[in-house]
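Hi everyone, thanks for coming. I've got one structure to walk you through today, so let's put it up on the screen.

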Amino acid sequence: MKILGLETSCDETASAILQQNESGIHILSNVVASSLELQAKWGGVVPEQAAREQIKSIIPVITEALNVSRITYHDLDAIAVTQGPGLIGSLLVGVETAKTLSLVWHKPLIPVNHLIGHFYANWIQLDDSSFVKSKNKATTTQRKTTNEIPNFPCLGLLVSGGHTDLVLFENHGQYKYLGGTRDDAAGECFDKCARLLGLPYPGGPQISKHAKVGNPHTYKLPIPMQSSNDLDFSFSGLKTAVSNLVNRESLVEKTKNDKRINDMCASIEDTIIKSLVQKTLKAAKIYQVSQIMVAGGVAANQKLRDILALEIRNSELDIKLFIPTPKLCTDNAAMIASAAFFLKPEDPLKIEANPNLSLAY
Ligand code: KG4
Ligand code: ZN
């Protein structure tokens, strides 16, 4: 069974072909064309520009995915596409392309919620498959391992640029929303704090890089909603605290090589991670889960990966932790195709892009 996945929710145009066999779900090709350089230039995503880039890249990435897989569209069993949430202009490019291909190629079409798709990166086997980065032509090879996949019930932490949610998966397609951010998402907080410090977009990897050589104890930042009784998060206060510190210390772009930037980044990263880890473990205890999976761009953060694993060990809870390989944490189409193996096709003529899809129903 082979599925072509398309992902165009924001500034990445991605296409992947995945195959499911008795040993699990495998990547045949995974192509990502990113307009990141343009976004970096403007300090963030400009929706109109992102949509224009999607139009330029969508057909080339599909062609490349088929070529790398060494198959033709005749070999596909279905097409999967991100239906939402995301930027409407970007989403429309993927959804309308997928609907057209579904009708012309006579293939079933499976709409996928991008947020659910992120979690399904945890179902992908990391074998010797190709990971092609379009535009800058970088090609990397993934590690060869046979990874375990999550079982249900499983607690899920989604940490992306636009969402921070805790959900309890009871089965495929069956989940309960436990809590989420009341304002900014964790990734958004990384991006906004980086901007305050004069660091380029996207901020997460930048803050993480500076944090590696910084001291997290120089600047004290409050851990948001630490003692709240719920499983919610809040990151906008943290951004304000960072803004006040930046002003107090007169930290501007000119001070880029200043050690204080590194210390500030270390504090920001530390505080965001503490908030995420505390609430995740709290949820794990309340719902007595034995499995936790993490997904979304921020899950690529090495410190989050390490601290969560360490705190699970320290808690003596018997919990297995699943986090996708970093390349599959940020937006890609492999995760969309992976989710589609567990979902049902819908009438292509009735599928519409929905920028407001969420996990909280
Ligand atoms: O999941 P994603 O690729 O796109 C959305 O669906 O939003 O997440 C993008 C977010 C950005 O905010 C970016 O700064 C953050 O993920 N991110 C990271 C790291 N890599 C990406 N945050 C912290 N550390 C990283 N290494
Ligand atoms: Zn995403």
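Let's start with a helix. H114 and H118 sit together in helix α4, which runs over residues 114-119, and they are four residues apart, about one turn of the helix. Keep in mind that this is a predicted model. Buried or exposed, these two? H114 is buried, and H118 is buried as well.

So what do they hold on to? Both are protein donors of the zinc ion, ligand 2, through their NE2 atoms, and D331 joins them through OD. These donors lie 2.0 to 2.1 Å from the zinc ion. Along the chain, the spacing of the donors reads H-x3-H-x212-D.

Now the geometry. The zinc ion has four donor atoms around it, and the angles they subtend go from 96 to 136 degrees, which is why the arrangement is called irregular. To count as tetrahedral, four donors need all their angles between 85 and 135 degrees.

Next up, ligand 1. How many residues surround ligand 1? There are 19, and H118 is among the closest, along with G161, D191, G204 and G297. H114 turns up here too: one of its polar side-chain atoms lies 3.1 Å from an oxygen atom of ligand 1. G187 uses its backbone instead, with an N or O atom 3.1 Å from an oxygen atom of the ligand. For N301, a polar side-chain atom lies 3.1 Å from a nitrogen atom of ligand 1. Taken alone, ligand 1 exposes 550 Å², and the protein buries 87% of that.

That's my tour, thanks for listening!

Methods: Residues are numbered from 1 along each chain as its sequence is written. Chains are lettered from A and ligands numbered from 1 in the order in which they are written. This is a predicted model: local features need pLDDT of at least 70, side-chain atom pairs count only at pLDDT 80 or more; totals for chains, interfaces and linings use all residues. Side-chain values use heavy atoms; hydrogens and water are left out. Donors are N, O and S atoms within 2.8 Å of the metal (3.2 Å for Na, K and Ca); water is not among the atoms, so sites may look incomplete. Four donors count as tetrahedral if all angles lie between 85 and 135 degrees; four count as square planar and six as octahedral if opposite donors are over 155 degrees apart and all others between 65 and 115; anything else is irregular. Helices (H or I, at least four residues) and strands (E, at least two) are DSSP runs, numbered from the N terminus. Buried means under 20% relative accessible area, exposed over 50%, partly exposed in between (1.4 Å probe, protein chains only). A residue is near a molecule or strand if one of its heavy atoms lies within 4 Å of it. A polar contact is a pair of N or O atoms within 3.5 Å; within protein, one must be able to donate a hydrogen and the other to accept it, and residues adjacent in sequence count only if both atoms are side-chain atoms. Accessible areas come from the Shrake-Rupley method with a 1.4 Å probe; for residues, only the protein chains shown count as cover.
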